[in-house]
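Good morning, and thank you for the time on today's agenda. I would ask you to keep the structure on screen in view while I go through its salt bridges, its packing and its annotated regions.

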Amino acid sequence: MKKILSKTGSYIACAILFIVIITTIVCLNQLGTLFKVGKYDSTDNMVETIMAKSATPGVAMVVSERGKTEYKNYGYADVNNQKRVTEESLFELGSTTKAFTALAAILLENEGYFSLSDSITDYIPSFEPTIKGEKVNITIHQLLAHTSGIPPWSIRLIPEGTTDDMLEKTIHNVSDIVLDTYPGTAYNYATVNYDVLALIIEKVTGKRYQDYVTENILIPLGMTDSYFSTGQEKESDKLAKGYRRFFGKSLEYDAPRYYGNIAAGYLVTNSKDLERWINAQMGIGDIPDHLLKAIQQSHQVDIKTAGYEAENQYYSFGWSNDTKKRVVSHNGSNPNYSSQVIIDLEKQQAIFVLANLNSSTPSLIANNIYENMNGNHMNKFNYDDVYHLIDLVFSFLVITAIVILCVQAIKLVRIKLNIKDEKTRFRKLIGSSIALILSIMLLVLVMIWPYLLNYNYSMIGVWMSYSVYLWMGLTAINCMLSIIINSKKIRIIRSSE
């Protein structure tokens with residue numbers, strides 16, 4: 001029987017070792033790409049270098065300088081079918097959608113539907129957030145500037161779903177939320193702010209949010225390919241496939257739908273339509289007077305009500321606004337798409353970059369394009385992309401967990417205790433008992449750590465690399481094996497008394 005167990009352990013160890021070798025080769029191959037210097041001597045080389053290092057499948061961009069527009073497209077909208085990105089390829093914008101929602105709010109104020117100083121409870125009576133046990137009022141302006149006090153982690157309260165009542169459900173979930181700060185006292189970016197705005201827009205217009213924005217912003221600007229992703233629409237064949245990282249590679253990923261969050265991140269558009277959008281911000285093109293006025297208002301910053309981000313940098317009307325340089329910008333991230341827009345209102349320069357992977361790639365590319373347009377050197381790829389780092393770190397942790405699993409499997413079938421005397425028996429008993437307690441503690445920590453960081457399992461599953469879940473599963477198995485092994489050791493030690 002011992003020989004059979006020994007052979008079984010050896011087979012398990014060999015199988016696991018084979019898996020370790022394969023996964024290590026994959027990771028080392030990706031690391032080779034990551035640490036290669038790459039080329040930054042031209043726009044094309046810079047973009048291709050950053051895409052390779054970040055494993056981004058496809059990138060589309062539109063660049064406008066004093067009304068002269070250029071489209072640039074790289075990589076694939078659909079890797080499996082080798083479908084290239086074009087200026088007609090559609091991408092989800094993520095949070096760069098917020099500028100459209102803020103513009104809708106300005107239009108409605110100009111039309112007399114409400115005042116930005118109005119309280120939310122004037123339109124949504126059930127919305128009663130608290131701080132220190134006290135009910136407080138939040139104004140529309142505070143929603144626009146992210147100074148409402150609603151905590152950033154509230155994103156996890158947005159329910160998944162595609163039915164017409166999802167916006168109402170989203171707001172219901174945050175209606176009695178405990179605020180981080182008193183409204184109007186501090187800037188704290190929380191995507192739910194703009195979902196609350198969407199419901200107010202629906203209440204005062206009697207229309208669905210997406211219908212109002214389409215009729216009053218998208219169509220007047222000629223953005224005829226653009227639409228809001230609610231999950232109810234038929235998927236366009238021009239929609240670029242979304243991706244997520246796993247072990248340094250990009251895998252096709254059809255992310256869950258959040259109808260209740262469309263005003264904060266789910267406008268779907270392409271480079272052709274975004275040309276009209278960024279030029280409209282600079283006053284270029286045929287724009288209705290009332291819309292042009294509202295756009296210009298969206299670039300104005302009232303320091304008393306705007307969200308303070310840094311020196312000369314304020315959040316206002318869906319834009320991060322550099323008041324000194326007169327540059328407005330914003331980035332966007334959805335689980336499988338990302339974007340970045342930079343508009344220099346003074347120099348009439350604009351860049352909008354789209355990617356079908358959640359990463360900092362659009363931001364790195366857009367910033368380099370902007371620097372290059374102004375005669376400065378382009379910056380090399382840096383490693384501050386949170387999602388990229390999470391994938392790399394947990395990929396290595398997965399390999400480590402597999403190695404530990406290999407060792408644990410061998411230990412399980414070859415438990416040997418050499419007890420020479422009472423002192424040795426006592427030492428081994430204490431050692432095994434401590435190992436047992438630590439294994440139980442680690443198992444509990446692995447299971448609850450998302451909640452300690454104000455996350456949950458759903459957020460990890462939607463936003464992070466698959467390697468996180470894989471590591472959690474392997475580590476949990478290792479903990480349970482360690483519990484079994486040390487429990488057996490304790491029984492053997494006690495039976496030897």
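**Salt bridges, packing and annotated regions**

The structure holds 12 salt bridges. Please bear in mind throughout that this is a predicted model.

Let me begin with one of these pairs, Arg257 and Glu92, whose closest N and O atoms are 2.6 Å apart. Arg257 sits in the loop between strand 9 (249-252) and helix 8 (262-265), while Glu92 belongs to strand 4 (residues 91-92), so the salt bridge ties together parts that are 165 residues apart in sequence. Are these two partners buried or exposed? Arg257 is buried, with a relative accessible area of 18%. The cut-off for buried is under 20%. Glu92 is buried as well, with a relative accessible area of 3%.

The next pair is Glu346 and Arg326, whose side chains form a salt bridge at 3.4 Å, N to O. Here Glu346 is in the loop between strand 15 (337-344) and strand 16 (349-355), and Arg326 is in the loop between strand 13 (319-322) and strand 14 (327-334), so the parts tied together are 20 residues apart in sequence. Glu346 counts as exposed, at 51% relative accessibility, whereas Arg326 is partly exposed, with a relative accessible area of 39%.

A further salt bridge joins the side chains of Lys72 and Glu70 at 3.9 Å, N to O. Lys72 is partly exposed, with a relative accessible area of 21%; Glu70 is also partly exposed, with a value of 43%. Both residues belong to a network of salt bridges that links them with Asp44.

I should like to stay for a moment with the loop between strand 15 and strand 16, where Gln348 is also found. Which residues is Gln348 in contact with, leaving aside its neighbours within four places in sequence? They are Ser64, Glu65, Arg66, Met282 and Ile284. Gln348 counts as buried, at 19% relative accessibility. In addition, Gln348 and Asn279 are 69 residues apart in sequence, and their C-alpha atoms are 8.6 Å apart in space.

I turn now to the nonpolar packing. The largest nonpolar core has 90 residues, and the members that touch the most others are Ile200, Ile217 and Trp277. Not counting residues up to four places away in sequence, Ile200 touches Phe114, Ile120, Tyr123, Ile124, Ile140 and Leu143. Apart from this core lies another, of 21 residues, with Met46, Ile50, Met61 and Met378 among them.

Nonpolar residues also form a patch on the surface, of about 830 Å². Its residues are Ile440, Leu442, Val444, Leu445, Met447, Ile448, Tyr451, Leu452 and Leu453. One of them, Leu453, is placed in the loop between helix 13 (422-452) and helix 14 (457-463).

How do the database records map onto this chain? For "transmembrane region", the unreviewed UniProt entry lists residues 12-32, 386-408, 429-451 and 463-485. In the model, residues 429-451 are 100% helix and 0% strand, with the end C-alpha atoms 34 Å apart. For residues 463-485, the span is 91% helix and 0% strand, and the end C-alpha atoms lie 35 Å apart.

The unreviewed UniProt entry also carries the annotation "domain: Beta-lactamase-related", which covers residues 44-368. In the model, this span is 30% helix and 23% strand, and its end C-alpha atoms lie 11 Å apart.

Let me finish with the chain as a whole. Its secondary structure comes to 15 helices and 16 strands. Taken along the principal axes, the C-alpha atoms fill a box of roughly 90 × 55 × 45 Å. The chain has 497 residues, of which 53% count as buried. The accessible surface comes to about 22700 Å², and 56% of that belongs to carbon and sulfur atoms. Finally, among contacts with a separation of 6 or more, residues 24 or more positions apart account for 70%.

Conventions: Residues are numbered from 1 along each chain as its sequence is written. This is a predicted model: local features need pLDDT of at least 70, side-chain atom pairs count only at pLDDT 80 or more; totals for chains, interfaces and linings use all residues. Side-chain values use heavy atoms; hydrogens and water are left out. UniProt positions are given in the numbering used here, feature names are shortened, and annotations may be inferred rather than shown by experiment. Helices (H or I, at least four residues) and strands (E, at least two) are DSSP runs, numbered from the N terminus. A nonpolar core is a set of buried Ala, Val, Leu, Ile, Met, Phe, Trp, Tyr and Cys residues joined through side-chain atoms within 4.5 Å. Buried means under 20% relative accessible area, exposed over 50%, partly exposed in between (1.4 Å probe, protein chains only). Contact means heavy atoms within 4.5 Å. Patches are made of residues with over 30% relative accessible area and no salt bridge: like charges are joined within 9 Å, nonpolar side chains (Val, Leu, Ile, Met, Phe, Trp, Tyr) within 5 Å. Accessible areas come from the Shrake-Rupley method with a 1.4 Å probe; for residues, only the protein chains shown count as cover. A salt bridge is a side-chain nitrogen of Lys or Arg within 4 Å of a carboxyl oxygen of Asp or Glu.
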